[in-house]
Amino acid sequence: MDDLFFPYFIHLVALSISLSLIFLVYKKKSSNIKFPPGRTGWPIIGEAWGFVMAGKRGTPEKFLNDRMKKYSTDVFQTSLFGDNMAVFCGASGNKFLFSSENKYVATWWPRTIKKIIYFPEHVDNSSIEETAALRRFLPEFLKPEALQHYIPIMDSMAREQLEADWCPHKQVRVFPLSKKYTFALACRLFMRIRDPDHVTRLANQFALVTDGLVSVPINFPGTTYNRAIKGGKMIREELLAIMKQREGELISDNKDDAGAIDLLTRMLLTSDDNGKTMNHKEIANKIVGLLVASHDTTSSSITMVMYYLAQHPCIYQKVLKEQTEIAMSKAPGELLNWNDVQKMKYSWCTVCEAMRFSSPAQGAFREAITDFFYAGFIIPKGWKVHWSVHSTHKNPKYFPDPERFDPSRFEGSGPAPYTFVPFGGGPRMCAGKEYARLEILVFMHNVVTKFKWQKIIPEEKVLNISFPMPVNGLPILLQPHSTSLE
């Protein structure tokens, strides 16, 4: 019996020694693997409270700056949305993430946001596939030939809104009116909806959605988040009804009066490589997502341009001079065109500087699709990744005297690559960048050539949670120009 046991015992000892050696090697190896420094904060909520409060105080960059000083100027660890998260910093961090799409990282949306935007059965769909499907349609809708058709529509709608909602009043609040303009324009170009009552109904439902995107995600009756989910459902149901009607009247060459098919119709008509078209619910999801991505960001940009122009009269005068020259070159009643917008160079530099000070979007989130190393730290597969405009936009390393408002920073070759990133970068750069540029400049042309203005609350605080917004909506006193410039 002992003779039989001894070889077995020797085998167990040898196996034990082998396992011990493997464990020691693994332990030594794992001890050399470093996660990004930082802290994850409280259970469940992580550091979300500090993240949100920095924005509410109007200093969103403080959340990043404090942690960059304490932990690392390259990448640090935190926890937001209930997930471990690596925050990449500086131009090098931006460059790495922008060039790593679908190699190390991929598109990611928090599930709490997807529950507002999507039909319930699509909430768990891959963000990568959803984004890829949407981007099949955008290049055609946003190509230069199509954008040229949108400029006269933008111009005429800006003129109409100023006449109806601005000119009769001595005081207005800019942010609500800029939202009204951008949403009506999106309804017209995305869905060919022109009826003001229909636009207002959709706008009221959409307001519930946008409020809920930055709320505490508690889905109980009466909460902001619950109202947002209901608002998203109402908009999607409305879109389904529109699509049903549109299919009934659709003719292959049915076009808008500007000669371009609206985005919703294009989605109904276009098939993939297998000849399959998207179903109506998928289209509704994507239209709501586009409205979320484009509406408040552009409204915020228009508002903040007017905010800073009121603070800097000399810059306002330079913008006015440029826009007046364009207005004087037009025949009475003639609408703006592509060439006119290309002449608005100083105006666009001013918009860019306003976006540097108060970016319309704080950044974006990704998910690590494989383990990878950056700056000597490992980012494990499944971790969420965040890049933020606030690590560069007011960093004196990239923008000397960053608190000085100076549009000339963007003249000539402009800022160094990957330092000015309000639209992101790489293959996931905002597809609507040029659309937003046209929309902002066309409205800017109209408001500057009609009015000078001053802030009623000179030191009005600016909140910055998901986008910058003057806390009172930027009330201004209008001073119409004595002589028409049109």
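In the predicted model, V172 has I476 of β12 as its bridge partner. This pair belongs to the contact between β4 and strand β12 (residues 475–480), which pair in the antiparallel sense over 3 bridges. The two strands are part of an open sheet of 3 strands, arranged in the order β4-β12-β9 with antiparallel pairing. The edge positions are held by β4 (171–173) and β9 (451–455), each of which pairs on one side only. From one strand to the next, the twist of the sheet averages 40°. Helix α17 (residues 433–450) lies across β9 and β12, and its direction is at about 90° to β9.

A second region of interest is helix α3 (residues 61–70), in which the buried residues are E61, F63, L64, R67 and M68. Viewed down the axis of α3, these buried residues fall within an arc of 160°, and they therefore line one face of the helix. Such a distribution can be related to helical periodicity. An α-helix has 3.6 residues a turn, so residues three or four places apart point the same way. Burial is taken here as a relative accessible area under 20%, and exposure as one over 50%. By this criterion, K69 and K70 are exposed, and they are carried on the face of α3 turned away from its buried side.

The surroundings of the buried residues of α3 comprise both helical and strand elements: these residues pack against helix α2 (48–56) and against the strands β1 (75–80), β2 (83–88) and β8 (384–388).

Definitions and conventions:
Residues numbered from 1 in each chain as written. Predicted model: local features only at pLDDT ≥ 70, side-chain atom pairs only at ≥ 80, totals over all residues. Heavy atoms only, no water. Pairing = 2+ DSSP bridges. Helix = DSSP H or I, 4+ residues; strand = E, 2+ residues; numbered from the N terminus. Axes fitted to C-alpha atoms, helices over the stretch in contact; angles between N-to-C directions. Contact = heavy atoms within 4.5 Å. Buried < 20%, exposed > 50% of the residue type's maximum accessible area, 1.4 Å probe, protein only. Arc of directions from axis to C-beta.
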